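User: Please examine this structure with me, one point at a time. I should like each answer to set out its reasoning before it closes.

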Amino acid sequence: MAATIKWWQQAVVYQVYPRSFQDTNHDGIGDLKGITAHLDYLQQLGVDVIWLNPIYRSPNDDNGYDISDYQQIAAEFGTMADFDDLLTAAHDHGIKVIMDLVVNHTSDEHPWFLQSRQSRDNQYRDFYFWRSGKGADQPNNWESAFGGSAWTYDEQTQQYYLHTFSTKQPDLNWENPALRTAIYQMMTWWLEKGVDGFRMDVINQISKLPGLPDGPLKPHSQYGDARVTNGPHVHEFLQEMNQRVLSRFDIMTVGETHGVTPADARKYAGNDRHELDMVFEFQHLRLDNSQHGFGKWSTRKTPLVALKQVINDWQTGLAGQAWNSLFWNNHDTPRAVSRFGDDRPMYRVRSAKMLATCLHLLQGTPYIYQGEELGMTDAHFTDLDSYRDIETLNAYRDLVTDRHLLTHADMMARLAASSRDNSRTPMQWNATENAGFSDAQPWIKVNPNYQQINAEAALADPDSVWYYYQQLIKLRHHYPIVTLGTFKLLLADDTQVFMYERHWQGQTWLIACNFTSETISRPLHQYLTADAKCLLSNYDDCQTDTLRPYEAWVYQLA
């Protein structure tokens, strides 16, 4: 193994959405003790890091991404003592813990904002964006990512404040040095407590274009909006953060960066940039967006050729210069097997394993979203009352109730395919009531298929998706080629097969994945050597020129 390898380059991260992981205090909401209770499970799976979605004090307008106190634990999750116990226990299990850092905005109930709205000359006023309107109009025409204007009028000081998300999530003004210092102090406090890094929420939005000029795009449009993302001072801010905080600790950082290209990522996470360790890109998650102006609200399937091109661009574009993060799904996206695979009972397990093979053998740090290792599926809710997500409910009101652009039936189909709540249903632990998540009514409905898909059943089945993930994690830990090898895309224009090679120090691995429910023929033997060895397959054997439905295999060629 190369001497310069970083621990997080060889690691596998498991994302925990605490609200939906495990309830221990009988209120229908997951909590910190519930995470601690399942550390044996995570250790057995083989993961190295857990990333916790926000657990800070919050009014929960956006499920914790509206923080009212960065240094207190939300009551529904437990206490700071519970967190300390979790951190200690995780470390005892050989598992690191990274926190969700949300510093583009706070809650409107955060003390900074409560102070800032007291008067125009309050010392915290400039922690946020307060602006006068243009006559009867708002300061500019920006829209919130959650729908409607990005400005809300405040009667007390007769100015508007900026919120690129919900009205209860005012944006922070990073141009203010005092604000930055306060954030760095808070980050240092957590790192000195022993946390192992941060996932940074919408971190490429912390620098807005000076003057806040008009512009038609929302922050999360396909390519990002230069007025609110990748702003002129964002790298300056991140380099300062790195110098004053991050570089002082042996940690990992990953930035959520909507609208970035590989060229952008080389700036955010370049080996010599002293900013972040890696970023989350979203180009591969935009490929199934609506072609008729409805953004993410779409029932389209991702075209495989375009998906391969995006992954190739990132694998080759960052090679040797920056580091990739690898993920199919998270708390903001539909379930991987429903979106990219096939969640019908006859294909769910096979396609879940195929997707895992395709992703985990790329170069980068893989992220497993809770339940992904079970092949959990989208919720397939059929009534609007089942949804809890603010973005989902706002979109329905906008597109159906207010503007009448879509019918109820059409929008419900789009929500079933695209809502963030698809990934937020409770973790399915066993076949008992509420999937073993809680003995109280869960905050959101449990997926009805929990009796067939759950951790207890998976652990009892040697051929389950769970054990396949365990195998993939072992491959990454055992073979340096998975971490260090270069990537070469094959069959770039094939609409059914994703095939690539990894190369390292004279070794070659060949990975082939059938993304369809069809049995297909390809002359794949031409890529194999006489002594090729099959390392892994999601069938009982490795075939070559015939790929069965959702088949995936890995050959070691030399």
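**Contacts and strand pairing**

User: Which residue has its side chain joined to that of arginine 420 by a polar contact of 2.9 Å?

Analyst: This is a predicted model, with local features requiring pLDDT of at least 70 and side-chain atom pairs pLDDT 80 or more, while totals for chains, interfaces and linings use all residues. Residues are numbered from 1 along each chain as its sequence is written, and side-chain values use heavy atoms, with hydrogens and water left out. A polar contact is a pair of N or O atoms within 3.5 Å; within protein, one must be able to donate a hydrogen and the other to accept it, and residues adjacent in sequence count only if both atoms are side-chain atoms. At 2.9 Å, the partner of the arginine 420 side chain is that of aspartate 62.

User: Is arginine 420 buried or exposed?

Analyst: Arginine 420 lies in the loop between helix 12 (408–418) and helix 13 (455–459); helices (H or I, at least four residues) and strands (E, at least two) are DSSP runs numbered from the N terminus. Buried means under 20% relative accessible area, exposed over 50%, and partly exposed in between (1.4 Å probe, protein chains only). Because its relative accessible area is 7%, arginine 420 is buried.

User: Which residues numbered in the 300s does arginine 420 touch?

Analyst: Contact requires heavy atoms within 4.5 Å, and residues up to four places away in sequence are not counted here. Outside that range, arginine 420 touches Asp62, Phe146 and Lys296. The remaining partners are His331, Asp332, Asp389, Ile390, Glu391 and Thr392.

User: At what distance does the side chain of asparagine 394 reach the backbone oxygen of phenylalanine 146?

Analyst: Asparagine 394 belongs to helix 11 (residues 390–402) and counts as buried, at 16% relative accessibility. Along the chain, asparagine 394 and phenylalanine 146 are 248 residues apart, yet their C-alpha atoms are separated by 6.6 Å. The side chain of asparagine 394 reaches that backbone oxygen at 3.2 Å.

User: Against which helix do the buried residues of helix 12 pack?

Analyst: Buried positions in helix 12 are Met411, Met412, Arg414, Leu415, Ala416 and Ser418. Among them, Met411 and Leu415 are buried; an α-helix has 3.6 residues a turn, so residues three or four places apart point the same way. The buried residues of helix 12 pack against helix 11.

User: In strand 5, which residue is the bridge partner of valine 49?

Analyst: Two strands pair if DSSP finds at least two bridges between them. Strand 2 (residues 49–52) pairs in the parallel sense with strand 1 (residues 13–16) over 4 bridges, where valine 16 stands opposite leucine 52. Both faces of strand 2 are covered, with Val49 and Trp51 buried on one side and Ile50 and Leu52 on the other. Strand 2 is also joined by 4 parallel bridges to strand 5 (residues 96–101), in which the partner of valine 49 is lysine 96.

User: Which strands stand at the edges of the open sheet with the order 6-8-7?

Analyst: This open sheet of 3 strands is paired in the antiparallel sense. Each edge strand has a single partner strand, so one side of each is left without a neighbour in the sheet; these are strand 6 (130–131) and strand 7 (151–154).

User: Which residue of strand 8 stands opposite tryptophan 151?

Analyst: Strand 7 and strand 8 (residues 159–162) run antiparallel and are joined by 4 bridges. Opposite tryptophan 151, strand 8 places leucine 162.
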